[in-house]
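Here are my notes for anyone opening this one for the first time. Have the sequence and the picture side by side as you read.

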Amino acid sequence: MTLASNEDSRSAIEQVRAPKMADLVAKQLRRQIISGALRDGDALPTETELLEQFGVSRPTLREALRVLESEQLIEIRRGARGGARVRIPTADVAAKNVGLLLQLRGTTLADVLNARELIEQHCAPILARKRTKSDLARLWKEVEHGESAVHNSRELIHVHADFHGLVVELAGNETLRILYGLLREIVEAGTYTRIAEERTASYKGASSHRHLVEAIEARDADAARELWRTHLSEVSKYVSGGSAKTVIDLFDYV
């Protein structure tokens, strides 16, 4: 291979690796959104202003905005009163995407339930060690809510999921909280389909929740860990014991 051909090859590789101008524009706008310089609901500058700010062509700018729109960071409205506005994605949006990915991969319900156990089982002892009076007030309120919902299976499932989410939230790890939220809809759907098959609800969860809060109140991290590990294992065994075996099976029911 000649020197000239080597240089041509390097040039081609550099062109492939170099980010497109539209991606660079999208990156700068994305950074403004993530940093809070642009907040949810804020209008982006006009197209004319953005063209002047970034010094790019109109097609390049529009491609950059389409990238952000595909990421659900902005919403573009057409027409005389249109324009681009910041739209911060919610956890529900992410959960839908994760749920779709799990369905496409044929993920089993048992796999999701196991992931949920791994996320949650560490939160109870953490909360027992760090809990505050405010935490206890919120926990006891959820326990009472769950005990009042025992005769309404659909409400009971949702209330119990709220309690589990609260334990994760109060443990103080934002990443675990988000991960729990991504799996919550699937876990709720699995629980509901299992109960629907039996036409009865299991009320053991309410007493387990009460015992957990008692351990947290006593700052007994070991007891909280064991109580929650046992509870989560029992719930997983119950939910995965139904006819729905994969995530995609669940959404035939709901």
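1. Before the strands, a word on pairing: two strands count as paired if DSSP finds at least two bridges between them. With that in hand, look at β1 (residues 74-77) and β2 (residues 83-86), which run antiparallel and are joined by four bridges. Ile 74 stands opposite Val 86 in β2, and Arg 77 stands opposite Gly 83.

2. Keep in mind that this is a predicted model. The average pLDDT for the protein is 87, and 89% of the residues score at least 70. Confidence bottoms out in helix α1 (residues 3-17), with a mean of 50, and peaks in α7, at 97. Over residues 12-16 the pLDDT drops below 50, and that stretch has zero contacts in the model beyond near neighbours in sequence. As a rule, predicted coordinates should not be read in detail where pLDDT is low.

3. Now the overall picture. The protein has 13 helices and two strands. Of its 254 residues, 37% are buried. The exposed surface comes to about 14900 Å², with carbon and sulfur atoms supplying 52% of it. Take the contacts with a separation of 6 or more: residues 24 or more positions apart account for 73% of them.

4. Back to the strands, this time for their faces. In a regular strand the side chains alternate between the two faces of the sheet. β1 does this: Ile 74 and Ile 76 point to one face and are buried, while Glu 75 and Arg 77 point to the other and are not. In β2, Ala 84 and Val 86 form the covered face, and Gly 83 and Arg 85 the uncovered one.

5. Which residues touch the most other members of the largest nonpolar core? They are Leu 139, Phe 163, Val 167, Leu 212 and Ile 216, out of 38 residues in that core. Eight helices each supply at least two residues of this core: α6 (109-120), α7 (123-130), α8 (133-148), α9 (153-171), α10 (174-198), α11 (204-217), α12 (221-239) and α13 (247-250). The largest share, seven residues, comes from α9. Apart from this core lies another, of 20 residues, and among them are Leu 38, Leu 50, Ala 64 and Leu 73.

6. Leu 212 is a good residue to click on. Leaving aside neighbours within four places in sequence, Leu 212 is in contact with Ala 124, Phe 163, Val 167, Ala 224, Leu 227 and Trp 228. Leu 212 is also one of the buried residues of α11, a list that includes Gly 205, Ala 206, Ser 208, His 209, Val 213, Ala 215 and Ile 216. What covers the buried residues of α11? The cover includes α7, α8, α9 and α12.

7. How well does the length of α11 fit a helix of 14 residues? At 1.5 Å a residue, α11 should span 20 Å, and its end C-alpha atoms are 20 Å apart, so the two agree.

8. Trp 140 deserves a look too. Trp 140 lies in helix α8. Is Trp 140 buried or exposed? Its relative accessibility is 18%, and buried means under 20%, so Trp 140 counts as buried. Leaving aside neighbours within four places in sequence, Trp 140 is in contact with Arg 210, Val 213, Glu 214 and Glu 217. Trp 140 and His 209 are 69 residues apart in sequence, yet their C-alpha atoms are 9.2 Å apart in space.

9. Two backbone angles are worth checking. Most residues other than glycine have a negative phi. Gln 72, though, has a positive phi, near 60°. Gln 72 lies in the loop between α4 (58-70) and β1, and is partly exposed, with a relative accessible area of 38%.

10. The other one is Arg 219, where phi is also positive, near 55°. Arg 219 follows α11 and lies in the loop between α11 and α12. At 44% relative accessibility, Arg 219 counts as partly exposed.

Terms used: Residues are numbered from 1 along each chain as its sequence is written. This is a predicted model: local features need pLDDT of at least 70, side-chain atom pairs count only at pLDDT 80 or more; totals for chains, interfaces and linings use all residues. Side-chain values use heavy atoms; hydrogens and water are left out. Buried means under 20% relative accessible area, exposed over 50%, partly exposed in between (1.4 Å probe, protein chains only). Contact means heavy atoms within 4.5 Å. Accessible areas come from the Shrake-Rupley method with a 1.4 Å probe; for residues, only the protein chains shown count as cover. A nonpolar core is a set of buried Ala, Val, Leu, Ile, Met, Phe, Trp, Tyr and Cys residues joined through side-chain atoms within 4.5 Å. pLDDT is the predictor's confidence in each residue, from 0 to 100. The expected span of a helix is 1.5 Å times one less than its number of residues.
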